[in-house]
Structures are given as structure tokens and as C-alpha cells.
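Here are some exercises to try on the model shown below. Have a go at each task before you read its solution.

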Amino acid sequence: MTPIAPHIEAFLREHLPQHRGASAHTCDSYAYSFQLLFEFGAKRLKVAPSMMKLEQLDASLISAFLEHLETSRQNSAETRNIRLAAIRSFFRFLEHRQPAALEQIRRILAIPFKRTNSRLVPYLVKNEVQALLDAPNPTTREGIRDRAMLHLAVSAGLRVSELIGLRMESVALDSMSIRVHGKGRRERSLPLWKTTAAALRAWLAIRGPIAAPEVFVNAHGEPMSRWGFAYVLHQHAQMASKKCPSLPTKKLSPHVLRHTSAMIVLQATHDIRKVSLWLGHSNLATTEIYTRADPTEKLEAIEAVVPPHLRKGSFRPPDKLIALLKAKSAKS
């Protein structure tokens, strides 16, 4: 029997961050997936999680765990697929470390993902964006910081990890650009809108000599966390809702700002390749979700099509008196 704990530790501490270049958020998400799996398995097998063996994590246990997520925890199919992706990634990692368990691993890798609904990406329209960007108070230190963060998130389309991980040496205000370290250790250089550069310049002028290398810090001088930025966004969204009635109807999150940036670039350029470069996608297919959400793409198609002609005719309503007499005669 093979202990599973050392392999999980090697997967999370070495393989994901060092070999695959996974972000801290991805590592945390995978770790939580395994926490749920081991808690479920320990209860089912009546053993301590640290004492579980590789051979006990067979396809039947994994399938039962996935069913448990949807039935007992009321998770969506999307969440179920995220947990399965973490499990499959781990067992692909084990293929070369434990060749004796190859048949067991193959059965687990054969567990399919569930089909999910293909929804349109949520994003903010122009007046909603402006209301949100105007929400921070530019007469306070926190307001100047928040204004810069929101402008940068919208204009550059940064992931949360890229925004809070942006370092001082990656900002070049003289050329109005930033260098972003994205997923998979991929770097990209992005130009800044003039308003974004002005907002960022105002924040850096009052940021002060702080030891943290990150551009955005909290009130204690520590790097801004993803939860801190989510809180800031929520607070300013509530303020913006007072001036923009449509904003409360939107499900706003940090990633929605990234979607908003993508839609702005797409509607300005009508070029999905430029959107892909802007967002730092490694695969153009990932960016195609925005073409489904952009109504201008469909409008251009409609304008290019010659529609079939409409048969002409006019409707003349019947005389009310004759209609009444006909109704009476029909009854008699």
C-alpha cells in the first residue's frame, strides 16, 4: 500500500508552482479540492486523511465524491468539473511516479467532465464603467489608490493575481506601459490609457517609501490581497449603484472587469487576435467567447445580409355593427 500524502505534497509544493508555473490562486484551488476529497474519503473509509493510501483512491471513490459534491454540497456542474480537473491533473502527475498503479490511474482519467451551459460572459457597459471608476474619493489616500486599481483593472484587463502582483519595476510611466507576468510564466507589455497613467501616477506620488515591491498595498503597507481587492470593488460598486441604476443588476466580480476590458478592445478593434494579445491568452479559442457576447458582431452580419422581401397587404378591421349582427345571427 502506497501512502498518498507525500505525493500530494510534491504535487502541490513542487510540480504545480515550479514545473507548471501555476499561480498561487490555482495552487490554493487545487489544495481545496483535495481537502474536500480527503475529508470525504476519510469519512467513507473510516481512516484518518493522512493515513489514506493511493490504492484506496480508485475510480469508484472519485465518482462517489463527484456525486457527493452535486447532491450533498449542491455544487454546480462547473464546480464539479473544477474539482475533477484538479484530480485528473494529480493522477497524470502520478503516471510516471507510480507506474504500478497505471491501470487505476487510467480508469480515473477516463471519468468524463459534465457538459455545462455555455453562458454569455458578463461585462459592464460604458455608463456602468464610468460610474464605477468615479466612485473612489480622489481626496483621500485610499480613494486615490482604489481609483488607480480600478482604472488599471478595466483598461488593462488584468487578472486579479496580475493586478495585485504588479511590481514597481514593472511600471514605466514615461512610456505609459506596464509589464505583466501572466499565467504560465508568460510576460506581456501593455500600453496604458492616458487616464489610467494619470491615476497610477497620482497613486505612486503618495504611495511613499514602502518595503513591499508591489504597486498596490493596504493600509498596513502590505501587498493587497485578492480578497482585499474584491472588498474594495464591492464597496465602490455599492457607491456607484446610487448613480447608475443598472449596476445592481450585474453580478460584479474582479473577473468581470477583465471581461469588460476584453469587450472594450473587441468593440474598438473588431479583431479577436488583438483581444487575445491584450488578455495574454495562449489559445485564440479561449478568446472567442467574447465574439458571442458582442452584439455589434451580429449587427454587422445582419447589415451584410439581403433579407427576403415582405409580402405587402393591409388589414381593414370589420365594421363593428356588422360584426355584432353576425354574432347575434350565429347564436340564433
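Rings of Phe, Tyr and Trp (its six-membered ring) pair if their centres lie within 6.5 Å; planes under 30 degrees apart count as stacked, over 60 as edge-to-face and the rest as tilted. This is a predicted model, where local features need pLDDT of at least 70 and side-chain atom pairs count only at pLDDT 80 or more, while totals for chains, interfaces and linings use all residues. Residues are numbered from 1 along each chain as its sequence is written, and side-chain values use heavy atoms, leaving out hydrogens and water.

**Exercise 1.** Work out how many aromatic pairs the rule gives.

Solution. The count comes to nine.

**Exercise 2.** Classify the ring pair Phe11 and Phe93, then place both residues in their helices.

Solution. Step one: the ring centres are 5.4 Å apart and the planes sit at 50°, so this pair is tilted. Step two: Phe11 is in helix H1 (residues 5–19) and Phe93 in helix H4 (residues 77–94), so the pair ties together parts 82 residues apart in sequence. Helices here are DSSP runs (H or I, at least four residues), numbered from the N terminus. Step three: buried means under 20% relative accessible area (1.4 Å probe, protein chains only), with exposed over 50% and partly exposed in between. Phe11, at 0%, counts as buried, and Phe93 is buried too, at 12%.

**Exercise 3.** Do likewise for Phe34 and Phe90.

Solution. Their centres are 5.3 Å apart with planes at 75°, so the pair is edge-to-face. Phe34 belongs to helix H2 (residues 24–45) and Phe90 to helix H4, 56 residues apart. Both Phe34 and Phe90 are buried.

Terms used:
Helix = DSSP H or I, 4+ residues; strand = E, 2+ residues; numbered from the N terminus.
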